[in-house]
Amino acid sequence: MSINRCMLLFSRVQHRICAISVRNTNALVDSRCVQFGSITLLKGSGSVSTRQGVSSNSSSRPPDTSLFVPLSIKSDVGSDGAVGAELTQPLDKNELLKILNKFYKRKEMQKIAADQGLDARLFHQAFISFRKYVLEISMLSADLHIIFNDICCGAGHIDDLYPYFMRHAKQIFPMLDCMEDLRKISDLRVPANWYPEARAIQRKVIFHAGPTNSGKTHHAIQRYLAAKSGVYCGPLKLLAHEIFEKSNNAGVPCDLVTGEERTFVDEEGRQAEHVACTIEMCSVTTPYEVAVIDEIQMIRDISRGWAWTRALLGLCAEEIHVCGEPAAINFVTELMYTTGEEVEVRNYKRLTPFSILDHAVESLDNLRPGDCIVCFSKNDIYSISRQIEIRGLECAVIYGSLPPGTKLSQAKKFNDPEDPCKILVATDAIGMGLNLSIKRIIFNSLVKPNINEKGEKELDTISTSQALQIAGRAGRFSSIFKEGEVTTMHRDDLLILKEILSRTVDAIETAGLHPTAEQIEMFAYHLPDATLSNLIDIFVSLSQVDGMYFVCNIDDFKFLADMIQHIPLNLRSRYVFCTAPINKKQPFVCTSFLKFARQFSRDEPLTFDWVCRHVITQWIQQELDSIIQVGVRNITRLIRATETNAPPGTNPLSNQRRLGPSPVSPRRVRGAPKAQDSGVEGWQLDKSLGSRLVQEGLLTPDLLRQLQKEWSKVHRQEEEGVKLVAGNNKTKGNKKKKK
């Protein structure tokens, strides 16, 4: 007998012994065991046994196996593929199917597999894959062929298939074989250790605590401006812009870094010693003398809290100046115990008083100069601003997705005592740091859409912290109003607002975390075939956190990861792209994001010319949309003016011929009554549509699209008419020449 066949028989005996030992659930466990939940792994052996009554780590939990995506494996035939048939006999596929189905129904096998992490779901998936492999491969490996033959002949037990089944299961679910390592990597209980550069220095932490309009951020910024180097970390692009301008105006060169732009004050692009940035963009490896972390209470934000945790634990600055609500003092102090750093607390009081009025505004006719109406949706912003304009008043508008420059220009317009704009309509974007001359804050609603722990959007009454942030903008220090007032638009909301503002702000108890690029890279080392989105899912499923932390919602990250999964990028680059602050509801932004990722993957430069060719065109379309909105608003004003001045019984637009054709076609609003005056020119706007725009003050996206469509139609008709006339004239001219 050849050496190969001798070794094969020896292997057969080994597998028989192994199968018998697997059936013995009382196998001994020696000192080389590693306890992992209810699974005991024997180091270097791969064999498994279970121990009951041994407590596992209290913070560990079973993984969410719905996240485990099975891999497809090649059905390659080994060099000994034909040896099994030579030693025994060919196998009948029908008999193999019967054996496999009996194995699947064995409860003992399912129980042992569960002890190795193969729950009912994974067991079923692994079995389907194993059965397909056995039945479709042309030649089984010699050892598996012999095991099947023994079972068919009655010389073996169905349970003898278990080692081969598990070997296959670990091929399609490789995480089963490295679960201990994956758990260690996803252990988030000591995040302070993630930042060795910060731990190498003894930082001084100063907490500037106080309500809005107390000067806490002002004092921190003064220290920032006086330092040799510094970084300001804010929650909004607008605040980063504000510090950027303030610093440079004070003669302290400062760069600007946000998710959308990088502005260097040095003409040659050298970095300044000071930088103002959105908190997600701060560097935790660059040394600074002073760092300012604004609005620290956002460390508990379900989506962005990780950025404040990262800045607080990781910034390499000699002094860390933290600004925020007093409700965060105890938590920040406790968090700094984990780094061995003490916290100096400086308390501030509000500089100007504000009071809650006993009456609601109830009508926009009761607005006064210095009023700010706070809304929590764009639709309300648009509706109320239109109704204010109908009343002949000018208003400024500020909401989150406006460009920072536009927000600042709107704020300056409202603050300018010489400007006729005396009313502000805004979202809660004004609640963080904007310097506005507001006399009275008016809550249009007390219900705000929020994202819950599952990433779902839900409506909820604003918290005391949110209400105080917004209300505190009334009567700001250094403005023309020395006292502030707060009320609601609707009478029913006023009592609720008073009750909200009377509560104590809930103390902050937890901070957000997010897996780092290094952690995901280590995960990918063990799971090289998993997508980034899948890696993140498994990481969060296995992650362990103590009572001070929680894992932030990662839906936006996963959305971007799935969007660029088909683009060839290394994992670190893919991770960085997915941290971009992309609004997934904006198709233009998502398209641009994809183009950037593709260009980068080709190792081609992202030049200004490239951006102009591929992105600016779409940006121009957005600008055109904005211009159309302005045009529609002017049309609305024109209609209102003409309807007001038109004699009874006449069409209000019939006297507009001298102004030129209206850019709106005569198509009737669906369901609206026909115009009374059927003799109106075809280019004139249907009066029912004009009435809706004016009387209700609404300009919904549907109405805007309708106007755009009508506008385009009229323009096409006019262009076709011009071409037709020109063509006819040319034809007539040619005929005259021929004559």
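This passage looks at a strand and its neighbours, a helix, and a buried glutamate in a predicted model.

Strand E15, spanning residues 423-426, is a good place to start. Its two faces are both covered. Ile 423 and Val 425 are buried on one side, and Leu 424 and Ala 426 are buried on the other. E15 pairs with strand E13 (residues 371-374) in the parallel sense, over four bridges. Within this pairing, Val 374 has Ala 426 as its bridge partner. Strand E14 (residues 395-398) also pairs with E15 in the parallel sense, again over four bridges, and here Cys 395 stands opposite Ile 423. Between E14 and E15 the chain passes through helix H15 (residues 404-415), giving a β-α-β crossover that is right-handed.

Helix H10, made up of residues 216-226, comes next. Its buried residues are Lys 216, Ala 220, Ile 221, Tyr 224 and Leu 225. These residues lie on the same side of H10 because they cover an arc of only 160 degrees around the axis.

The last stop is Glu 485, a residue of strand E19 (residues 484-488). Although its side chain is of the acidic kind familiar at the bench, what matters here is its setting: Glu 485 has a relative accessibility of 17%, and buried means under 20%, so Glu 485 counts as buried. Its side chain makes a polar contact of 3.1 Å with the side chain of Arg 368. Leaving aside residues up to four places away in sequence, Glu 485 touches Phe 354, Ser 355, Leu 357, Arg 368, Lys 439, Arg 440, Ile 441 and Ala 474. Arg 368 is thus both a polar partner and one of the residues touched by Glu 485.

Key:
Residues are numbered from 1 along each chain as its sequence is written. This is a predicted model: local features need pLDDT of at least 70, side-chain atom pairs count only at pLDDT 80 or more; totals for chains, interfaces and linings use all residues. Side-chain values use heavy atoms; hydrogens and water are left out. Buried means under 20% relative accessible area, exposed over 50%, partly exposed in between (1.4 Å probe, protein chains only). Two strands pair if DSSP finds at least two bridges between them. A crossover is right-handed if, with the strands pointing away from the viewer, the path from the first strand over the helix to the second runs clockwise. The arc is that of the directions from the helix axis to the C-beta atoms. A polar contact is a pair of N or O atoms within 3.5 Å; within protein, one must be able to donate a hydrogen and the other to accept it, and residues adjacent in sequence count only if both atoms are side-chain atoms. Contact means heavy atoms within 4.5 Å.
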